[in-house]
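Let's take a walk through this structure together, one region at a time. Have the sequence and the 3D view ready to rotate as we go.

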Amino acid sequence: MYYVLYIDVFFVENLVMDYFLLRTAVRLMRCSATHLRCLAAAAAGSALTCLAVIFIRKYLLLNTILVSVAVTALMVRFGCKIKDKKRFLQGFLCLYLAAFLIGALYRFLIRFAGEAGARGSLLWGAGTYAAVTLLLRIFGILRNRAGKYWKVVLCSGESRKEVKGLYDTGNGLWDATYRRPVSVIRYSLIKDLFSQEIQTELYAFCSWEEMKRPELLAPLHPHFVSFRGVGEAGGMLPALVLDSLYLENGNTSRVISHPVIAIDREHGSSPRSYQMILNPNLINS
């Protein structure tokens, strides 16, 4: 029993797949390698694979090591433009992950369509790469969307209040008095942190009304911060200083001491999406 191997078809098939694998690895690693660099590395990898099949096909173990390790390492080093050892190892693993994603789908399309040869390799290789690229883009969008929402725990004394915060790069509020970034929450949410007596005074403070017992708010350092919205003339927002603020998103967490929280009674956000607008400096600092 024997097989007929057309070396030109084998070269083109490996060239196409190696190129798409390198481009997928570049996207995963966020490298700066160009398309031409990836194409050159893929051509070199495909040529070495063909030489391995021609000259050392009898030595199965050696052939496997050469193709799977040496050629892959060469393509990662030059195709992905990686010099650092740690990133090289990451790129090596990313290339095998890309091979798993693209290879499985590619073989399925070849068997399903029944078209082989150089034309089939190019056609279904491009289709497979497009499908994987689309999946990676959707995954990136979902990951970025998930990164915008944070679990927020407001702390004042012994009281705790958990809300859903939005990471908003458009929130540039800054407290000139305490020199801290300012986040915004609705009165109906933050009032739950306090007793009924403090709630009454807080409501009066936020409504610009006279307070009967202002000393109750003294530990919260009530003051005003200026703001200017898009298409608005701007104004002043009442603000408090809480004991602490806990932020969590996946494996990332932050603890902010004495955060400044502005209270918005008129332009509250929808509870179906988020309940608090976070200042990006709380997370990026």
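Lys191 and Asp192 meet through their side chains in a salt bridge, with N and O 3.5 Å apart. Bear in mind that this is a predicted model, and that the whole structure holds three salt bridges. Asp192 also takes part in another of them, meeting the side chain of Lys161 at 3.1 Å, N to O. Lys161 belongs to strand β2 (residues 159-167), while Asp192 sits in the loop between α6 (187-190) and α7, so this pair ties together parts that are 31 residues apart in sequence. As for how open these positions are, Lys191 is partly exposed because its relative accessible area is 23%, and Asp192 is partly exposed too, with 39%.

A further salt bridge links Arg213 and Glu215, whose closest N and O atoms are 3.6 Å apart. Both ends are partly exposed: Arg213 has a relative accessibility of 40%, and Glu215 has a relative accessible area of 49%. Shared partners, by contrast, join Lys161, Lys191 and Asp192 into one network of salt bridges. In general, side chains of opposite charge can pair when their charged atoms come close.

From Arg213 you can step across to Thr200: the two are 13 residues apart in sequence, and their C-alpha atoms are 9.3 Å apart in space. Thr200 lies in helix α7 (residues 196-206). With a relative accessible area of 44%, Thr200 counts as partly exposed.

Now turn to the strands, and to β4 (residues 180-186) in particular. Is β4 mostly buried or exposed? Six of its seven residues are buried, so the strand is largely enclosed by the rest of the structure. Strand β4 has several pairing partners to look at. With β3 (residues 174-175), β4 runs antiparallel, joined by two bridges, and Asp175 has Arg180 of β4 as its bridge partner. These two strands make a hairpin with four residues between them, and Arg179 in the turn has a positive phi of about 55 degrees. With β9 (residues 260-264), β4 pairs in the parallel sense over five bridges; there, Arg186 stands opposite Asp264. With β10 (residues 276-278), β4 is again antiparallel, joined by two bridges, and Ile185 faces Met276 across the pairing.

Finally, move to the N-terminal helices. The 23 residues of α1 should span 33 Å at 1.5 Å a residue, and the end C-alpha atoms are 32 Å apart, so the two values agree. Just after α1 comes Arg30, with a positive phi near 60 degrees. Ile7 lies in α1, which covers residues 7-29, and at 36% relative accessibility Ile7 is partly exposed.

Ile7 joins Leu48, Leu51, Ile54 and Phe55 in a nonpolar surface patch of about 460 Å². Helix α2 (residues 35-55) gives the most to this patch, contributing four residues. As background for reading that helix, an α-helix has 3.6 residues a turn, so residues three or four places apart point the same way.

How does this region compare with the record? An unreviewed UniProt entry lists "transmembrane region" for residues 6-26, 38-56, 62-80, 92-110 and 122-142. Over residues 38-56, the model's chain is 95% helix and 0% strand, with end C-alpha atoms 26 Å apart.

Methods:
Residues are numbered from 1 along each chain as its sequence is written. This is a predicted model: local features need pLDDT of at least 70, side-chain atom pairs count only at pLDDT 80 or more; totals for chains, interfaces and linings use all residues. Side-chain values use heavy atoms; hydrogens and water are left out. Patches are made of residues with over 30% relative accessible area and no salt bridge: like charges are joined within 9 Å, nonpolar side chains (Val, Leu, Ile, Met, Phe, Trp, Tyr) within 5 Å. Accessible areas come from the Shrake-Rupley method with a 1.4 Å probe; for residues, only the protein chains shown count as cover. A salt bridge is a side-chain nitrogen of Lys or Arg within 4 Å of a carboxyl oxygen of Asp or Glu. Buried means under 20% relative accessible area, exposed over 50%, partly exposed in between (1.4 Å probe, protein chains only). Two strands pair if DSSP finds at least two bridges between them. UniProt positions are given in the numbering used here, feature names are shortened, and annotations may be inferred rather than shown by experiment. The expected span of a helix is 1.5 Å times one less than its number of residues.
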